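Let's walk through this protein chain together, one piece at a time. Keep the 3D view open as you read, and look for each part as it comes up.

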Amino acid sequence: MEGWDKGTKSTVGAIPLLTTRAGPRDGEAWRQRLKEEYRALIAYTSVNKAKDNDWFRIAAANPEGTRWEGTCWYVHNLRRYEFPLQFDIPVAYPQVAPEIELPTLDGKTHKMYRGGKICLTVHFKPLWAKNCPRFGIAHALCLGLAPWLAAEVPILVDSGMVKHKDDETAPAEASASAAPSS
């Protein structure tokens with residue numbers, strides 16, 4: 001936590017650390033790990049809501065808890081930009097961090113791999129490795145996705161690579177209202 005600002009330290013400190021070292025192939029131990037993951041996600045969401053910093057919705061997309069989907073958003077210049085979010089839990093989890101995907105941003109930034117997987121190799125993966133198995137999905141969102149959004153979304157918006165949803169529908173509405181009526 002060296003070099004982190006007070007807000008990040010307090011947020012990360014409020015996310016419970018996980019204790020079960022288990023992945024999707026580990027049967028009952030994986031179910032125990034999933035319970036810990038949910039507890040950590042609930043705690044992280046509660047902290048965010050208390051700080052008026054709610055920025056994602058996520059849920060397991062299958063009963064096994066190996067596929068996760070949701071939405072994340074970032075506010076830039078008082079406008080909210082939303083992105084679908086998804087990832088699979090790797091077979092080697094928790095030794096290997098999940099690769100978070102924002103498919104609608106695929107190809108729009110260099111800090112992304114094919115398929116919309118955000119680049120976390122330099123900053124987050126060493127942190128994950130150092131804290132395995134204590135880190136989980138909530139930590140990946142807090143220390144991986146959140147800083148990535150904060151760094152990339154303003155650049156993508158300012159460069160015109162990402163448009164606000166109101167700006168995308170405005171030209172269609174404008175041309176429809178400008179069409180002569182019979």
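## Contacts and overall layout

Among contacts between residues at least 6 apart in sequence, 52% join residues at least 24 apart. Keep in mind that this is a predicted model. The chain has 182 residues, and 38% of them count as buried. Its C-alpha trace spans about 70 × 35 × 30 Å along the principal axes.

What does the secondary structure come to? There are 5 helices and 5 strands. If you follow the sequence from start to end, you meet them in the pattern α-α-β-β-β-β-β-α-α-α.

## The three-stranded sheet

Look next for the open sheet, where 3 strands sit in the order S1-S2-S3 with antiparallel pairing. Which strands are at the edges? They are S1 and S3, each of which pairs on one side only. From one strand to the next, the twist averages 10 degrees. Here is a handy general point: strands of a sheet pair through backbone hydrogen bonds, either parallel or antiparallel.

Now take the pairs in turn. Strand S1 covers residues 56-60 and strand S2 covers residues 67-76, and 5 bridges join these two antiparallel strands. Two partners to find on screen are Ile 58, which is matched with Gly 70 in S2, and Arg 57, whose bridge partner in S2 is Thr 71. On the other side, 10 bridges join S2 to strand S3 (residues 79-88), and this pair also runs antiparallel. Here you can spot Glu 69 standing opposite Gln 86 in S3.

## Two hairpin turns

How many residues lie between S1 and S2 in their hairpin? There are 6 residues between them, and Gly 65 in the turn has a positive phi of about 75 degrees.

S2 and S3 form a hairpin as well, with 2 residues between the strands. In this hairpin, Asn 77 takes a positive phi near 50 degrees.

## Helices packing together and on the sheet

Find helix H2 (residues 28-50) and helix H4 (residues 137-158): they pack at an angle of about 40 degrees, and their axes are 7 Å apart. Because of that angle, H2 counts as oblique to H4. On the H2 side, Glu 37, Ala 40, Leu 41 and Tyr 44 take part in the contact, and they meet Ile 137, Ala 138, Leu 141 and Cys 142 of H4. What kinds of residues are these? The contact of H2 with H4 divides into 7 nonpolar, no polar and 1 charged.

Both helices also lie across strands of the sheet. H2 lies across S1 and S2, running at about 165 degrees to S1. H4 lies across S1, S2 and S3, and its angle to S2 is about 45 degrees.

## Salt bridges

How many salt bridges does a search of the whole structure find? The search turns up 9. One of them joins the side chains of Glu 69 and Arg 67, at 3.7 Å from N to O. Arg 67 also forms a salt bridge with Asp 88, where the closest N and O atoms are 3.0 Å apart. Arg 67 lies in strand S2 and Asp 88 in strand S3, so this pair ties together parts that are 21 residues apart in sequence. Are the two acidic partners buried or exposed? Glu 69 has 39% relative accessibility, so it counts as partly exposed, and Asp 88, at 38%, counts as partly exposed too.

Another salt bridge brings together the side chains of Lys 117 and Glu 99, at 3.2 Å from N to O. This pair links distant parts of the chain, 18 residues apart: Lys 117 is in strand S5 (residues 117-118), while Glu 99 is in the loop between S3 and strand S4 (112-113). Lys 117 has a relative accessible area of 27%, so it is partly exposed. Glu 99 is partly exposed as well, with a value of 37%. To finish, go back to the earlier group: salt bridges that share partners join Arg 67, Glu 69 and Asp 88 into one network.

Conventions. Residues numbered from 1 in each chain as written. Predicted model: local features only at pLDDT ≥ 70, side-chain atom pairs only at ≥ 80, totals over all residues. Heavy atoms only, no water. Pairing = 2+ DSSP bridges. Helix = DSSP H or I, 4+ residues; strand = E, 2+ residues; numbered from the N terminus. Axes fitted to C-alpha atoms, helices over the stretch in contact; angles between N-to-C directions. Parallel < 35°, antiparallel > 145°, perpendicular 65-115°, else oblique. Contact = heavy atoms within 4.5 Å. Nonpolar A, V, L, I, M, F, W, Y, C, P; charged D, E, K, R; others polar. Salt bridge = Lys/Arg side-chain N within 4 Å of Asp/Glu carboxyl O. Buried < 20%, exposed > 50% of the residue type's maximum accessible area, 1.4 Å probe, protein only.
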